[in-house]
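Here is a short report on a protein–DNA model. It moves from the single chain to the pairing of chains, and then to the DNA.

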There are 2 protein chains.
Amino acid sequence: MLGTPSSDRIAKRREATRREILDAAWAVAREQGLGALTLREVAVRVGMRPPSLYSHFESKDAIYDAMYGQAWQIFHDQVKDRVLPKEPRAALLEIAETFFDFAVADLARFQLMNQRSVPDFVPSKESYAMAVEVLDRLRRDLAAFGVTDESDVDLFTALTGGFVDQQLANDPGGTRWRRQLPRLIDMYVKEVKPRRRR
Amino acid sequence: MLGTPSSDRIAKRREATRREILDAAWAVAREQGLGALTLREVAVRVGMRPPSLYSHFESKDAIYDAMYGQAWQIFHDQVKDRVLPKEPRAALLEIAETFFDFAVADLARFQLMNQRSVPDFVPSKESYAMAVEVLDRLRRDLAAFGVTDESDVDLFTALTGGFVDQQLANDPGGTRWRRQLPRLIDMYVKEVKPRRRR
DNA sequence: GTCTATAGTTTGATAGAC
DNA sequence: GTCTATCAAACTATAGAC
């Protein structure tokens, strides 16, 4: 006698399929551009017929939304347990480089996360929460070095974000801006004068 | 007896229609997003049927291309005759603010000019030339203050571009980053040490 | 140069059998 | 949960009359 699959097992399978779909969606977005994403292409890659996607996502927008949340989730997982150096310059450089490398690795992902590239797309509350989580984490990291002014945090995000933009737009795959990150952090440290972490 | 319109007059009329179409295209892009631009919507606004657009542009891509070139052209016109202060700090601030204000005034335009927002769109040689022109102009402007290292120029574009990005993405219509531009220029001046213009 | 007509795709999404 | 069948709509682009 065979038992029926436990509901736990079913849920796991469902989740796995969802992830397969998202993986395919990311692949398409990377290869053809975020705005060129189509349900057909995604379905083909997963080995499904397009209508079957609707068993897992209620619309194309829901896929964009899941991608958005997933991207921020992945980055959050990557930074949430890191231990930063006590010395401000080294720590801030690590923060900047981690974000830079993550962002530069995938233009489509960066466009979805940080630019308003998909017309009418607005992340759901749940997905947006992940982005907020990451920014809060950055705020706490900076605060540990005495950087608490909102203007100082804004300065930091603008500086690192600007480097990412230039790298992606004008030297994709290269290091023209990446290699200037240490210099950037030096500038920032001189300006904001963070103190050594306690 | 009526004469026939001079070929000069005909050319003027053609050019005017082209501009009308581009104006409509910009309006759609601003209102609905750059990626949501459709020939139908553009035609409706101009008061034409969609196929008529093909008398003026050979494809949708050609419209994107003309928009791209036009945007850089407009910005170039805006800066080509300006006389900068001799004092480095004031001059660099003016350069940064001019670019910032222009970019922040229109998200769709900024996306077309500086981000890779439209899948597969590659500007034609002629349109791209306008962008190069502007960058050359910036190089000459900076050179007048002794800023000639490519890395210093790259730093400047990344800093100002980053501010634009943050302003558009996280405080559209506001001044959260705009008001920190003087501070940014102070940082840059300390780092690069431009000399007074001769 | 603008129109009508229409081709030829592609798209996101639904209905209902299995 | 996946399929087939299908839809309705939108799209870019072309042909040819006026």
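Helices here are DSSP runs of H or I with at least four residues, numbered from the N terminus. By that rule, B:K193 sits in the segment after α8 (181–192) of chain B. The model is a predicted one.

## The chain

Chain A has eight helices and zero strands. Its pattern along the sequence is α-α-α-α-α-α-α-α. The C-alpha trace of chain A spans about 65 × 40 × 25 Å along its principal axes. Of its 198 residues, 48% count as buried. Take the contacts in chain A between residues at least 6 apart in sequence: 70% of them join residues at least 24 apart.

One helix is worth a separate look. How many residues of helix α5 of chain A are buried? Six of the eight are, so to speak, under cover in this helix, which runs over residues 107–114. The buried residues are A:A108, A:R109, A:F110, A:Q111, A:L112 and A:M113. What covers them? The cover of α5(A) includes α1 (7–32), α3 (60–79), α4 (88–104) and α7 (150–170) of chain A. The start of α5(A) also has a polar contact: a side-chain oxygen of A:D106 comes within 3.2 Å of the backbone nitrogen of A:A108.

## Two chains, one axis

Two copies of a chain are related by a rotation about an axis and a shift along it. Here, a turn of 180 degrees and a shift of 0.0 Å along the axis lay chain A on chain B with an RMSD of 0.1 Å. That is the relation of a two-fold axis. Both copies use the same surface: 100% of the contact residues of chain A recur in chain B. Which residue of chain A comes closest to the rotation axis? A:G162 does, with its C-alpha at 1.6 Å.

The interface brings 35 residues of chain A into contact with 36 residues of chain B. About 3000 Å² is buried between the two chains, and carbon and sulfur atoms give 49% of that area. Within chain A, the residues that lose the most area to chain B are A:R116, A:R183 and A:M187. Together they make up 22% of what that side buries.

## The DNA

DNA strand C is surrounded by 16 residues. The closest are A:K60, B:R14, B:S52, B:S55 and B:H56, so named from both chains. Sugar and phosphate account for 68% of the strand C atoms that come within 4 Å of the protein. The residues of the surface near strand C divide into six nonpolar, six polar and four charged.

DNA strand D also has 16 residues around it. Nearest are A:S52, A:S55, A:H56, B:T38 and B:K60. For strand D, sugar and phosphate again make up 68% of the atoms within 4 Å of the protein. The surface near strand D divides into six nonpolar, six polar and four charged residues.

Several polar atoms of the protein lie by phosphate oxygens of the DNA. The table lists them by residue.

| Residue | Protein atom | DNA strand | Distance to phosphate oxygen |
|---|---|---|---|
| A:L39 | backbone N or O | C | 3.1 Å |
| A:Y54 | polar side-chain atom | C | 2.8 Å |
| B:H56 | polar side-chain atom | C | 2.5 Å |
| A:R49 | polar backbone atom | D | 2.8 Å |
| B:T38 | side-chain N or O | D | 3.5 Å |
| B:K60 | backbone N or O | D | 2.8 Å |

Two of these residues, B:H56 and B:K60, also appear among those closest to a strand: B:H56 for strand C, B:K60 for strand D.

## Two positive phi angles

B:D120 is not a glycine, yet its phi is positive, about 75 degrees. Where is B:D120 placed? It lies in the loop between α5 (107–114) and α6 (125–143) of chain B. B:D120 is exposed, with a relative accessible area of 70%.

B:K193, in the segment after α8 of chain B, has a phi near 50 degrees, again positive in a residue other than glycine. B:K193 is exposed too, at a relative accessible area of 64%.

Terms used. Residues numbered from 1 in each chain as written. Chains lettered and ligands numbered in written order. Predicted model: local features only at pLDDT ≥ 70, side-chain atom pairs only at ≥ 80, totals over all residues. Heavy atoms only, no water. Polar contact = N/O pair within 3.5 Å; in protein donor to acceptor, adjacent residues only side chain to side chain. Nonpolar A, V, L, I, M, F, W, Y, C, P; charged D, E, K, R; others polar. Buried < 20%, exposed > 50% of the residue type's maximum accessible area, 1.4 Å probe, protein only. Contact = heavy atoms within 4.5 Å. Least-squares fit on C-alpha atoms with pLDDT ≥ 70 in both. Buried area = accessible area lost by both parts, 1.4 Å probe.
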